[in-house]
Amino acid sequence: MKHYHINIFYSEEDNGYIADIPDLKYCSAFGSTEEEALSEVLQAKAVWLETAKIEGKPIPEPRYRPAIYYKAS
């Protein structure tokens, strides 16, 4: 599975965390914690990719990268 950049930020308006994947249009999720938002958006990503595959829609290549990149050794 391709690795897509995920943004997670706190929303005062929603009183919780929003996670989104910029490369996958409309792929986002909400959680009361950062971890919950991440877990939810990973589920949304799996459904997004499976739906695109079933419908024969193109799967975009990852384009977005985090400003700080860390690679564990």
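Two strands are taken to pair if DSSP finds at least two bridges between them. In the structure described here, which is a predicted model, β2 and β3 pair in the antiparallel sense, and four bridges link the two strands. One residue pair in this arrangement involves A19, whose bridge partner in β3 is A29.

The protein chain as a whole contains one helix and three strands, and, read from the N terminus on, its elements follow the order β-β-β-α. Strand β1 covers residues 7-11, β2 covers 16-20 and β3 covers 28-31, while helix α1 is formed by residues 34-55. Of the 73 residues in the protein chain, 25% count as buried. The accessible surface of the protein chain amounts to about 5700 Å², and carbon and sulfur atoms account for 54% of that area. When contacts in the protein chain between residues at least 6 apart in sequence are considered, 33% of them join residues that are at least 24 apart.

Around the first strand, two residues with a low relative accessibility can be described, since buried means under 20% relative accessible area. H5, which is found in the segment before β1, has a relative accessible area of 17% and is therefore buried. The side chain of H5 also makes a polar contact with the side chain of N7, at a distance of 2.8 Å. S11, for its part, has its place in strand β1, and with a relative accessibility of 11% S11 likewise counts as buried. If residues up to four places away in sequence are not counted, S11 touches G16 and I18.

The loops that connect the strands each contain a residue with a backbone angle worth noting. In the loop between β1 and β2 lies N15, which has a positive phi of about 55° although N15 is not a glycine; at 57% relative accessibility, N15 counts as exposed. In the loop between β2 and β3 lies Y26, for which phi is again positive, at about 70°, although Y26 is not a glycine. Y26 counts as exposed, with a relative accessibility of 74%.

Strand β3 presents two faces, of which the covered one carries A29 and G31, whereas S28 and F30 belong to the uncovered one. F30, a residue of strand β3, has a relative accessibility of 39% and so counts as partly exposed. Leaving aside residues up to four places away in sequence, F30 touches D14, N15, G16, Y17, I18, A37 and E40. The C-alpha atoms of F30 and V41, two residues that are eleven residues apart along the chain, are separated by 7.7 Å.

On the surface, a nonpolar patch of about 210 Å² is made by I8, L38 and L42. Among these residues, L38 is found in helix α1, and its relative accessibility of 32% places L38 in the partly exposed class. That value satisfies the requirement for membership in a patch, because such residues must have over 30% relative accessible area.

Attention may finally be given to the charged side chains. Side chains of opposite charge can pair when their charged atoms come close. The structure holds two salt bridges, and in one of them the side chains of D23 and R63 meet with an N to O distance of 3.5 Å. D23 lies in the loop between β2 and β3 and R63 in the segment after α1, so this pair ties together parts of the chain that are 40 residues apart in sequence. The surroundings of the two partners may be set side by side: D23 is buried, with a relative accessible area of 9%, whereas R63, at 59% relative accessibility, counts as exposed. A salt bridge is also formed by K57 with E55, where the closest N and O atoms are 3.3 Å apart; of this pair, E55 falls within the residue range of helix α1, 34-55.

Key. Residues numbered from 1 in each chain as written. Predicted model: local features only at pLDDT ≥ 70, side-chain atom pairs only at ≥ 80, totals over all residues. Heavy atoms only, no water. Patch = residues over 30% accessible without salt bridge, like charges linked within 9 Å, V, L, I, M, F, W, Y side chains within 5 Å. Areas by Shrake-Rupley, 256 points an atom, 1.4 Å probe, with all protein chains shown as cover. Salt bridge = Lys/Arg side-chain N within 4 Å of Asp/Glu carboxyl O. Buried < 20%, exposed > 50% of the residue type's maximum accessible area, 1.4 Å probe, protein only. Contact = heavy atoms within 4.5 Å. Polar contact = N/O pair within 3.5 Å; in protein donor to acceptor, adjacent residues only side chain to side chain.
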